[in-house]
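Here are my notes on the structure you sent over. Please read them with the coordinates open.

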Amino acid sequence: MEKISIGNWELSALVIMSFCTKIFLNYPRVMSESAGSAGWILSAYTSLLAFVIFTFMLRLYKKNYGMDLIDLGELIGGAPGRIITGVVIISFLIYFIPVNLREFSENMKIISLVISPISFVTLFFLGTMILAAYFGLEAITRVNAIAVPVISAGFILILVLVGQLYDFSKLMPWFGTGLQEIFIGGLPKLSYFSEIIIFFMLPPFLKKFNNFRKSSYIGFVFAGSFLFLSTLVFLLVFEYPTSTESFLPIFQLSRLINYGRFLQRGESVFLLMWSFAAMLYLSFGFFMLLYTFKKTLKLEYYKPLIMPFAVIIFSLSLTPPNLMSAIKLDTVYFLNWGWLISFAFTTLVFIAAGIKKRKGKKE
Amino acid sequence: MALLRKTLKEYLFFTEPDKPDDFVLEEGKDEGNESCNDAVKDGSGEKREKTEKVRKSKGVIKKLFTPEREDTACYGYDSNADNSEKNESDVKKESKDPESIKRKTSISKDVARNLEYMRKVYNVPLNGDVVIREFEIAFKDKTIPAFSIFFDGLVDRMLVNESILKPLMLLSNIEIKGKEDDIADYVQKHILPQSQMLLEESYEKVIFGINYGCCAIFIDGVDKVFVADAKGWEHRGIERPNAELVIQGPQEGFGEILRINTALIRKILKDEKLIVEDILIGERSKTPCSMLYIKDIVNDSLVQEVRRRLKGVKIDHLIDSGELEQLIEDSTYLPTPQVIYTERPDRVSRYLANGRIAIIVSGSPFALVVPATMWNLFHATEDEYVRFPYANLLRVVRLFAIFLTLLLPGIYIAITNYHHEMIPTDLLLAIEASREKVPFPSVFELLIMEVSFELIREAGIRIPGPIGPTLGIVGALILGQAAVSANIVSPILIIIVAVTGIGSFAIPNFSLAYSFRLQRFAYIALGATAGFLGISFGLFIMFLWIAKAKSFGVPVLVPYGPTTADVNKGNIFRNPTWKQNRRPDDLNVKSKNSQQEISRQWKINEEEN
């Protein structure tokens, strides 16, 4: 594999893109479903919590910086440790990539390609994933670094343009479905930050720990703000419980833009932005899947894996019989249990690696 | 069948990459001072050793046939320059080839043999423009036979008559008080007043000189040949650039004469550190090329890389810099250019001052500048000459032009086929009303017009001067009007196609405009297939492709992808001139600052006062 290096802003942009693309899917709605009119508090709470846990994880990880999760698995348990860690990450990726692929494709079909078969729409996303994998991580991160500011600007524009519909009384009751529901029941929503596990595969591409930490923090701050703003604006415009019925929250918001007869309904521009973000998100996930597989089995090249894995992902994405089943796989299973892998498993690996290293030093 | 099988195999099965690592422009490498460790590290050590062996073996063979020479040719080129990287097989082949041996063999003292050989080489009398003039030189009470050989039309006849033949034939009869017994010395010191003249010892160099407009003089009893620079071919003078016109700024463009072109740059830069390094390209044509750079600014590893690529070009004839561009660029299949192609000496000078390298090919009025980023291609020369707010307005217009050229037709198709809701109701009704009588689907209608437009444009260029613009007017106005009246296309589509065409003319780089015109058709197809999803797909792939591409080790999307320190330094929008303190970060130049941190010292003085 050629030598890859990722810049500071590129990592920040990856963090923003990975966490925020789900805004375009169902994030504001799920927040609203969980906490009612206090969805924005839940969003701020989970973002903050994820940030704190991430900081804690970084502290654990600091001494082993330069090694990714697979290397740490090997450090802990040799080849079996490496393979177990790899299989966990691969399983995680192979679960959420097809689900997200299906969701993005279904949404696209519903929004604009109503009579096209789902497989046709999926092929466009799959095509970008395959080609992006051929071009490699550097190309993906570079495009992402350029696209993220543009997409962010478009997203903020939508939030601003619906400003005339803001109604702060819609946020009442302030604590929505209750404090317990927000602060205890909302904990599994940490799974929205599950991509964190992928970021611990990237340190070998960044030279210094401080750069990694700083860039991740910047990414976290921006991503947390966007997630929070999306929920807040959504709830300012759609009051609970109407907000829980909105299929694609930001799409719905963009449809409400109306400034006279000429400037109205910006959903098509939103569509360009949204599909580009989805392509970036899926491509990055797909590349990391291939990279993890390659690294787990210590293969020399990842390119021969592209087509077989693309076929697997494509088949898996078409397995759910309909969109609702795909959403169920995402919001019911993944959102409730995803954090166990991304946060709990990763933290365990860091702790075990720390102990192992300390033992090794004593010996 | 075998070809089909091979192609299928290539696409379906993975084969281990065997290409060497791409060149990466790194910081702080001294020319010719690369560490051995690096070579071992990147796995190219073995390869380099092989190349060294080839070089050494070539040196041995060369020593056999040609004596060591240190002087550089009077006509500006070392004729050995292009042969420095021949591979082993070439060298072996050459050593067995009698013609090649003969060419490199030392010249005979017998003028008759030389004459016979030159007649054979130049196919005299079959070759009509070769002039061989036989004469005699008086030397110490004896006459010595001699002959001169040159190409009619390539040399200045007056110069040959007055400065070469006349002195040799007439002045030699005058008694000159000289002690020389050697005729070569005598002729050089007393007879020939030519300022640029060399004594060559091998046929190869003599033939190269003759082919390049020199007059060769063979004298009996002398195993050397006088090669006098007598170039006098017809050429175009310095004119205004045709493709890169500016309202404000210098009005000189390159011509076809290499030395005039290099002089134009030297005239602008007036920098003794400007190096004009000559390289011959073309096994047969031996086309002189010059590689220009400012020694104490440019990154040495970049110079090495450009030199390596230029010396690695093995073709028979090199006619134009456009050909050379295609032979040295990083990615052949990338739709966008990776080399700046310009006919303006001032633009080249600016790039040289920034730490880039220019390549000029004899006979081509366009210089190549490397490395190039996408933003360089988007900039126009005038951007630097006008005040910065105006330059930024022009850049915004240009960005808009790129958007129109690349995406407007595709977006129009996507909107009309998939996203009607995006069009305001009144406009939608107007479009629908205008399309009511058109029998074709909108994509077909658009393709008819786009192809027609390309046809008009191509015909307008190919057709002789005065008729060209007429054809454009006839094509655009009359045909367009007729097509609308005949209900073949809708009026709105004429507007779309015309605006797209105008957009493509506003792109400053001709090659980039071509690239966008080509890609436009892909976006039409994608827009027609999947609406905005298709457009997104196309944009995503295009960006990935460009993001992956490099121009001489520099990523073409730098400083935005990858992000470098120059991210806010006037790539999309220009900064005021006084703020442009530093040279581009991505070039890793030796001297980072292009002007003092405070370039307007008078401001401080003003405040102090």
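**Notes on chains A and B**

1. Start with the sharpest feature of α4(A). A kink of about 140 degrees lies at A:G77 in this helix, shortly before the proline A:P80. Keep in mind that this is a predicted model. Helix α4 of chain A covers residues 69-111, 43 residues in total. Its end C-alpha atoms are only 39 Å apart, whereas a straight helix would reach 63 Å at 1.5 Å a residue.

2. Now take α13(A), residues 323-362. This helix has 40 residues and reaches 55 Å from its first C-alpha to its last. That is close to the 58 Å expected at 1.5 Å a residue. Even so, α13(A) has a kink of about 55 degrees, centred on A:F334.

3. Which residues of α13(A) are buried? A:F334 is one of them, so the residue at the centre of the kink is on the list. Others include A:L329, A:D330, A:W339, A:F343 and A:F350. What do the buried residues pack against? Their partners are α3 (39-61), α4 and α8 (196-199) of chain A. An α-helix has 3.6 residues a turn, so residues three or four places apart point the same way. Check the list against that spacing: A:S342, A:T346, A:V349 and A:A353 are among the buried residues.

4. On to the contact between the chains. In chain B, 27 residues are in contact with 31 residues of chain A. Helix α20 (residues 510-548) of chain B gives the largest share of the chain B side, 15 residues. By class, that side has 19 nonpolar, five polar and three charged residues.

5. Chain B holds an open sheet of five strands, in the order β6-β7-β9-β10-β8, with antiparallel pairing. Why do β6 (274-281) and β8 (340-342) of chain B each have a side without a neighbour in the sheet? They stand at the edges, each with a single partner strand, so one side of each is left free of a neighbour. From one strand to the next, the twist averages 25 degrees.

6. Look at the β8 edge. Three bridges join β8(B) to β10(B), residues 367-370, and the two run antiparallel. Here B:T342 stands opposite B:A367 in β10(B).

7. Two helices lie across this sheet. Helix α11 (residues 300-311) of chain B lies across β6, β7 (287-294), β9 (357-361) and β10 of chain B. It runs at about 175 degrees to β7(B). Helix α13 (residues 345-353) of chain B lies across β6, β7, β8, β9 and β10 of chain B, at about 50 degrees to β7(B). Do not confuse this α13(B) with α13(A) of point 2.

8. The loop between α6 (111-121) and β1 (130-139) of chain B needs a check, as B:P125 lies there. A cis peptide bond joins B:V124 and B:P125, with omega about 15 degrees. In this loop, too, is B:N123. B:N123 has a positive phi of about 50 degrees although it is not a glycine. Is B:N123 buried or exposed? It counts as exposed, because it has 10 C-beta neighbours inside 10 Å.

9. Check two further loops of chain B. The peptide bond from B:G561 to B:P562 is cis, with omega near 5 degrees. B:P562 sits in the loop between β12 (554-555) and α21 (601-608) of chain B. B:N487 is in the loop between α18 (467-485) and α19 (491-505) of chain B. Its phi is near 60 degrees, a positive value in a residue other than glycine. With 13 C-beta neighbours inside 10 Å, B:N487 counts as partly exposed.

Conventions
Residues are numbered from 1 along each chain as its sequence is written. Chains are lettered from A and ligands numbered from 1 in the order in which they are written. This is a predicted model: local features need pLDDT of at least 70, side-chain atom pairs count only at pLDDT 80 or more; totals for chains, interfaces and linings use all residues. Two strands pair if DSSP finds at least two bridges between them. Helices (H or I, at least four residues) and strands (E, at least two) are DSSP runs, numbered from the N terminus. Axes are lines fitted to C-alpha atoms, for helices over the stretch in contact, and angles run from 0 to 180 degrees between N-to-C directions. Two residues are in contact if their C-beta atoms, placed from the backbone, lie within 7 Å. Ala, Val, Leu, Ile, Met, Phe, Trp, Tyr, Cys and Pro count as nonpolar, Asp, Glu, Lys and Arg as charged, and the others, Gly among them, as polar. The expected span of a helix is 1.5 Å times one less than its number of residues. The bend at a residue is the angle between axes fitted to the seven residues ending there and the seven starting there. A residue is buried if 20 or more other C-beta atoms lie within 10 Å of its own, exposed if 12 or fewer, and partly exposed in between; C-beta atoms are placed from the backbone.
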